[in-house]
Amino acid sequence: MRQLTSLDAQFLAMENDRVQGHVSVLGIYDPQTAVGRPLDAARVRELISERLHLLPTFRWRLAQVPFSLDYPYWVDDGTFDVEYHVRELALPSPGNQRQLAEQVARIIGRQLDRSRPLWEVYVIHGLEDGGVAVLTKMHHAAVDGVSGAEVMSILLDDTTGKDLQPARTVAAEPFPSEMEMLGRGLVGLMSQPLRVMRAGPTALPHLDDVPTIRHLPGVKAIARSSRLIRRSLRHGAGKAPHGTDISAPQTRFQARVSPHRRVAFGSLSLTTVKAIKNTFGCTVNDVVMAICTAGLRTWLDERGELPAEPLAGFVPMSVRTPEQKGTFGNRVSVMLTELPTDIPDPVERLRRINDAMRSAKERQRALPASLLQDANHFIPPALFAQAARATSRLAGVRGLRQPANVMISNVPGPGTPLYLGGARQRAQFPVSGVLDGIGINITVMSYQDSLEFGIVVDREVLDDPWSIFDAMRTGMDELHRAAEAHASETPIGRAPVNRRRTTS
């Protein structure tokens, strides 16, 4: 058995009747494989069954510790009911993008069954262009953005196919009894003080750098006191980095979310984004952030809701090392950065974003890679879910300062065509989730020469997220025109070195 880390367990603890803890990918495919076979649920089930031995996260089932004395465990189920996990449906005519988005919103609004391995695949027919959509839904407790992409890389092939490891029989682990899990929980309970002692020296001085809790009363005082103690013990040598002063102004997205979602998705030209990046001497991620910022600024301004202060964004980042490839689970941190929606000029906005992202990355490199996980160790597992729910309730209280306005993730993807069971993938849109206090999520994934955007919002906050994507497209066009006009000018800054990739 494999025990979940505190960060993995946090994605389980955050779930309630309104918040879901899974992430999804929506692929659009040709309706037939290269040999003329239809892409349907039967073909997808066959493919997954063939590659079952390479997909441990598809076999893992949760084993809870009684009384939540310790974090849960994954048990390798060895096999699963593929008929249950892979489902098939069709859109009503005409099967346009908005109808597909509504169906996706309904699917992601339902939690995964914790008595089974935490994933589902939906094969959706009836698209008006004749394509087939495949929505893959996986729990964040098992995968982050990078490890989720690893799962998809096992399911998808490039143009040359894939040399798979020979299929082998996967031996199912016996599911543990309540008494066995109670014994594990008691051992974990005894080790809890050791976890706290190990985490304390690195986590306490940086608590105000944990975006999810830095806004809570007392957190900054604890972090400042810990830094003073550490400096005194080191006789004043060295100065620890401290939390940023960035805070989120109030918008309609800073509220408790409902159980219901709205989804929009679309593609923008990666070639155009790279042309903007090359002209202004920044990074692709800077341009992506500028496009999102422009879209949010325009959308809020048109409704008379644009705050005078810049918005604040959560930007998840991978801290997964090369040695941790294939280990799945979560290896992530989160940056908090300013989104200068208060600046009307697109080039000056990009300049501010370039500076803000460089500063955020410098702060992030100075922090322990395990900060989010270590910070969780100060909460006993038995109180973990209650603490997560309490934090969630605070995050949704209007009038209370929130940590961020929006979550934005940018995940690098493949530059060559991919195939599912022999059917060519036309597009691949990420579909993430929202939280109390952050009712909008924008996730971006590159595929071939496109940037694929997925926008998820709480339905009670915003009924039509397509207008935000339209505003983002306009923001990119505005930057492209500015780039063409400024092609001969000095770049706004050097592209910072990306040591950690952004992820969902």
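Of the 504 residues in the protein, 56% are buried, and the model you are looking at is a predicted one. Let's start with the overall picture. The secondary structure adds up to 14 helices and 16 strands. The chain also brings distant parts of its sequence together: taking contacts between residues at least 6 apart in sequence, 79% of them join residues at least 24 apart. On the outside, the accessible surface comes to about 20,700 Å², and carbon and sulfur atoms account for 54% of that area.

From here, we can begin at the N terminus. There you will find an open sheet of 3 strands in the order β1-β4-β3, paired in the antiparallel sense. Strands β1 (2-3) and β3 (60-63) stand at the edges with a single partner strand each, so each has one side without a neighbour in the sheet. Strand β1 is joined by 2 bridges to β4 (residues 73-76), and the two run antiparallel. If you would like a residue to anchor your view, try R2, whose bridge partner in β4 is W74.

Next, move along to helix α6, which spans residues 145-155. Because 9 of its 11 residues are buried, α6 is largely enclosed by the rest of the structure. The buried set consists of G145, V146, S147, G148, E150, V151, M152, I154 and L155. Have a look at the start of this helix too: a side-chain oxygen of D144 comes to within 3.2 Å of the backbone nitrogen of V146.

Two cysteines are worth a stop on the way. C282 counts as buried because its relative accessibility is 2%, under the 20% cut-off for burial. C292 has a relative accessible area of 0%, so it is buried as well. As for disulfides, a search of the whole structure finds 0.

Further on comes a pair of strands, β10 (residues 311-318) and β11, which are linked by 8 bridges in the antiparallel sense. Within this pairing, A312 has E338 of β11 as its bridge partner. Strand β11 (residues 332-339) is mostly covered, with 7 of its 8 residues buried.

Our last stop is helix α14, made of 20 residues from 466 to 485. From first C-alpha to last, α14 reaches 29 Å, close to the 28 Å expected at 1.5 Å a residue. Its buried residues are W466, S467, I468, F469, A471, M472, G475, M476, L479, A482 and A483.

Methods: Residues are numbered from 1 along each chain as its sequence is written. This is a predicted model: local features need pLDDT of at least 70, side-chain atom pairs count only at pLDDT 80 or more; totals for chains, interfaces and linings use all residues. Side-chain values use heavy atoms; hydrogens and water are left out. Buried means under 20% relative accessible area, exposed over 50%, partly exposed in between (1.4 Å probe, protein chains only). Helices (H or I, at least four residues) and strands (E, at least two) are DSSP runs, numbered from the N terminus. A polar contact is a pair of N or O atoms within 3.5 Å; within protein, one must be able to donate a hydrogen and the other to accept it, and residues adjacent in sequence count only if both atoms are side-chain atoms. Two strands pair if DSSP finds at least two bridges between them. The expected span of a helix is 1.5 Å times one less than its number of residues. Contact means heavy atoms within 4.5 Å. Accessible areas come from the Shrake-Rupley method with a 1.4 Å probe; for residues, only the protein chains shown count as cover. A disulfide is a pair of cysteine sulfur atoms within 2.5 Å.
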